[in-house]
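Here are a few exercises to work through with the model open in your viewer. Try each task before reading its solution.

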Amino acid sequence: MPQTIIGNWLKQLTRSVETRDLDAHMRLVSERVQIYGLPGGQIIGYEQWKKRRHTEFSQAQLLALDYRLLNIKTITGRRLGFHVEEIMQACNGMRVFVDKDIILELEADEHWRVVEETIHHWKVEQAQKIS
């Protein structure tokens, strides 16, 4: 069951990016969300996430998200914590690999949303030129 919940949440998230559907995307994010591990110790919340995605969608910067290396770390009645590698594919061909932990919470309306992400490491890969 936890694997299914996480898998469905990740599929909905990737679908919202593919379709550039900001409303669907933000329905998967808790208004209490906190993202840790950004450069300079910056912590972002819901409004910053929404603003960032709006820019990425409206300016066609983010093409797709993909996930791999899933490892469930915590299971409780209302929370699921897991480790994952997120691959962000930019429209210019650049890819960013993000090693992070995600915590989903079953909120009062019975929807699973991300409440916390901790980024451990990221790597940027430039597009390969075809000659």
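**Exercise 1. Find the buried face of a helix.**
Work out which residues of α3 are buried and how they are arranged around the helix.

Solution. Keep in mind that this is a predicted model.

Step 1: pick out the buried positions, which in α3 are Tyr46, Trp49, Arg53, Glu56 and Phe57.

Step 2: look down the helix axis. These buried residues of α3 fall within an arc of 100°, so they line one face of the helix. The general background is that an α-helix has 3.6 residues a turn, so residues three or four places apart point the same way.

Step 3: turn to the other side of α3, where Glu47, Lys51 and Ser58 are exposed.

Step 4: ask what sits over the buried face. The cover includes the helices α1 (2-18) and α2 (22-26), along with the strands β1 (29-36), β2 (62-75), β3 (79-90) and β5 (112-125).

**Exercise 2. Check the helix length.**
Compare the expected span of α3 with the distance between its end C-alpha atoms.

Solution. Step 1: α3 covers residues 46-58, which makes 13 residues.

Step 2: at 1.5 Å a residue, the helix should span 18 Å. Note that the factor is one less than the number of residues, because that is how the expected span is defined.

Step 3: the end C-alpha atoms of α3 are 18 Å apart, so the two values agree.

**Exercise 3. Lay out the sheet.**
Write down the strand order, name the edges and describe the pairing of β3.

Solution. Step 1: the sheet is open, with 5 strands in the order β1-β5-β4-β3-β2 and mixed pairing.

Step 2: β1 and β2 are the edge strands, each pairing on one side only. On average, neighbouring strands of this sheet are turned by 25° against each other, ignoring direction.

Step 3: follow β3 to its partners. With β2 it runs antiparallel, joined by 10 bridges, and a hairpin of 3 residues links the two. Asparagine 71 stands opposite histidine 83 in β3. β3 also pairs with β4 in the antiparallel sense, over 11 bridges; there, valine 84 has lysine 100 in β4 as its bridge partner.

Step 4: add the helices. α1 lies across β2, β3, β4 and β5, at about 165° to β2. α3 packs on the sheet too, touching β1, β2, β3 and β5, and its direction makes about 90° with that of β1.

**Exercise 4. Hunt for positive phi.**
Where do arginine 20 and alanine 60 sit, and are they buried or partly exposed?

Solution. Step 1: recall that most residues other than glycine have a negative phi.

Step 2: take arginine 20, with a positive phi near 55°. Arginine 20 is in the loop between α1 and α2, and its 34% relative accessibility makes it partly exposed.

Step 3: take alanine 60, whose phi is positive at about 50°. Alanine 60 belongs to the loop between α3 and β2 and is partly exposed, at 37% relative accessible area.

**Exercise 5. Inspect an acid in a strand.**
Is glutamate 105 buried or exposed, and what does its side chain meet?

Solution. Step 1: locate glutamate 105 in strand β4 (residues 95-106).

Step 2: its relative accessible area is 14%, so glutamate 105 counts as buried, the cut-off being under 20%.

Step 3: its side chain makes a polar contact of 2.5 Å with the side chain of arginine 32.

Step 4: beyond four places in sequence, the contacts of glutamate 105 include Arg78, Arg79, His111 and Trp112.

Methods:
Residues numbered from 1 in each chain as written. Predicted model: local features only at pLDDT ≥ 70, side-chain atom pairs only at ≥ 80, totals over all residues. Heavy atoms only, no water. Helix = DSSP H or I, 4+ residues; strand = E, 2+ residues; numbered from the N terminus. Buried < 20%, exposed > 50% of the residue type's maximum accessible area, 1.4 Å probe, protein only. Polar contact = N/O pair within 3.5 Å; in protein donor to acceptor, adjacent residues only side chain to side chain. Contact = heavy atoms within 4.5 Å. Arc of directions from axis to C-beta. Pairing = 2+ DSSP bridges. Axes fitted to C-alpha atoms, helices over the stretch in contact; angles between N-to-C directions.
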